[in-house]
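Reader: I should be grateful for a close account of a single part of this model. Please set out the part in question together with its surroundings.

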Amino acid sequence: MSSEQAPRVAWQASLFDTATDDGAVAAQRLSFTGLRRDWLDERSWIDVVPGWVTDHGALFDRLREIAPWQQRTRTMWDKDVLEPRLVAGWQTGERLPPEVVELVEPLSARYAVPIDSCLINLYRDGSDAVAWHADTVRKVLRDPLVFTVSLGARRSFLLRPATGGPVARRYAPGEGDLIVMGGACQHEWHHTVPRERSASGARMSITLRHSRPAAGAPPATAPSAPAGARGTRARASRPGP
Ligand SMILES: O=C(O)CCC(=O)C(=O)O
């Protein structure tokens, strides 16, 4: 899918930006002052920064235009099916767009991790979704951090223990919010963006990850995932989450 074929979606992105010519709003851009940490249990946490990207509409439009979108397939019950979302990624070492580099730098500095992976997901409408899973980076790193910047319409982002059971936490990120999953989240918890008939338009999530440990972290001996924890099995020429 080339940039001439930027996906058409129902989201008039730039109408939703907070005016960045206002000095106070400009100061909030990529600032961590509104950060809240929610503990899921004694080992896993979620950081939330509402409205971290103030000009989220413009960023949505730009990435919709320039990202190398792909329709991936996944194997389910021995059949190849289309993944219900579009995904764009950059190989390790490939130059990220400056609009993404701008997000990576403050996150890398605050959380003391070398971010080296970026995948962007486009949920075109409420029928696009991602099933319960934990990110595969857990297999190579102990307690990886996963950063997600949500642009566009708000969608449910749910968490439950990897061993199953009811939804334990609900968020509704969109419009520039930042969510960071940390601690043992990828080992002991699962997350999902479910189908949502009432979704008000398209949502894009920029997911950023690291493949080397955080500064001062214990050695990267990844604990084995609890029973029931499994990764997604999407296939594409670019790396998965
Ligand atoms: O879109 C999101 O917020 C979640 C994406 C995700 O979990 C993934 O791609 O592994």
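Author: The account below concerns the nonpolar core, followed by the elements around it.

The model is predicted, so local features are described only where pLDDT is at least 70 and side-chain atom pairs count only at pLDDT 80 or more, whereas totals for chains, interfaces and linings use all residues. Residue numbers start from 1 along each chain as its sequence is written.

The protein chain contains 4 helices and 15 strands; these are DSSP runs numbered from the N terminus, with helices (H or I) of at least four residues and strands (E) of at least two. Of its 241 residues, 37% are buried. A residue is termed buried if 20 or more other C-beta atoms lie within 10 Å of its own, exposed if 12 or fewer do, and partly exposed in between, the C-beta atoms being placed from the backbone. Among contacts with a separation of 6 or more, 79% join residues 24 or more positions apart, a contact being two such C-beta atoms within 7 Å.

The largest nonpolar core has 48 residues, and Ile120, Met204 and Ile206 have the most contacts inside it. Such a core is a set of buried Ala, Val, Leu, Ile, Met, Phe, Trp, Tyr and Cys residues joined through C-beta atoms within 7 Å. Strand 7 (residues 115-123) supplies the largest share of this core, 6 residues. Ile120 itself, neighbours within four places in sequence aside, touches Leu63, Ala67, Ala88, Met204 and Ile206.

The sheet to which strand 7 belongs is open and has 8 strands, in the order 1-2-12-9-14-7-6-3, with antiparallel pairing. Pairing here requires at least two bridges between two strands in DSSP. Strand 1 (36-39) and strand 3 (69-70) form the edges, each pairing on one side only. At the strand 3 end, strand 3 is joined to strand 6 (residues 86-90) in the antiparallel sense by 2 bridges, with Gln70 opposite Val87. Strand 6 is in turn linked to strand 7 by 5 bridges, again antiparallel, and Ala88 stands opposite Ile120. Strand 6 is mostly covered, with 4 of its 5 residues buried.

Helix 2 (residues 56-66) contributes the buried residues His56, Gly57, Leu59, Phe60, Leu63 and Arg64. Because they cover an arc of only 160° around the axis, they fall on the same side of helix 2; the arc is that of the directions from the helix axis to the C-beta atoms. These buried residues pack against helix 3 (98-111), strand 7, strand 9 (146-152) and strand 14 (203-210). Helix 2 lies across strand 7, strand 9 and strand 14, and runs at about 95° to strand 9. For such angles, axes are lines fitted to C-alpha atoms, for helices over the stretch in contact, and values run from 0 to 180 degrees between N-to-C directions.

Helix 3 has 14 residues and spans 20 Å from first to last C-alpha, close to the 20 Å expected at 1.5 Å a residue; the expected span is 1.5 Å times one less than the number of residues. Its buried residues are Val100, Leu103 and Leu107. They occupy an arc of only 65° around the axis and therefore lie on the same side of helix 3. Strand 7, strand 9 and strand 14 are among the elements that cover them. On the face turned away from this buried side are the exposed residues Pro98, Val101, Glu105 and Ala109. Ala112 follows helix 3 and has a positive phi, near 55°.

Beyond strand 7, the loop leading to strand 8 contains Ser127. Ser127 counts as exposed because it has 12 C-beta neighbours inside 10 Å. Leaving out neighbours within four places in sequence, Ser127 contacts Pro84 and Arg195. Pro194 lies 67 residues from Ser127 in sequence, and their C-alpha atoms are 8.5 Å apart.

Strand 8 belongs to another open sheet, of 4 strands in the order 8-13-10-11, with antiparallel pairing. Strand 8 (130-133) and strand 11 (169-171) are its edges, each with a single partner strand, so one side of each has no neighbour in the sheet. The twist averages 15° from one strand to the next. Strand 8 is joined to strand 13 (residues 189-193) by 2 bridges, in antiparallel fashion, and His133 stands opposite His191 in strand 13.
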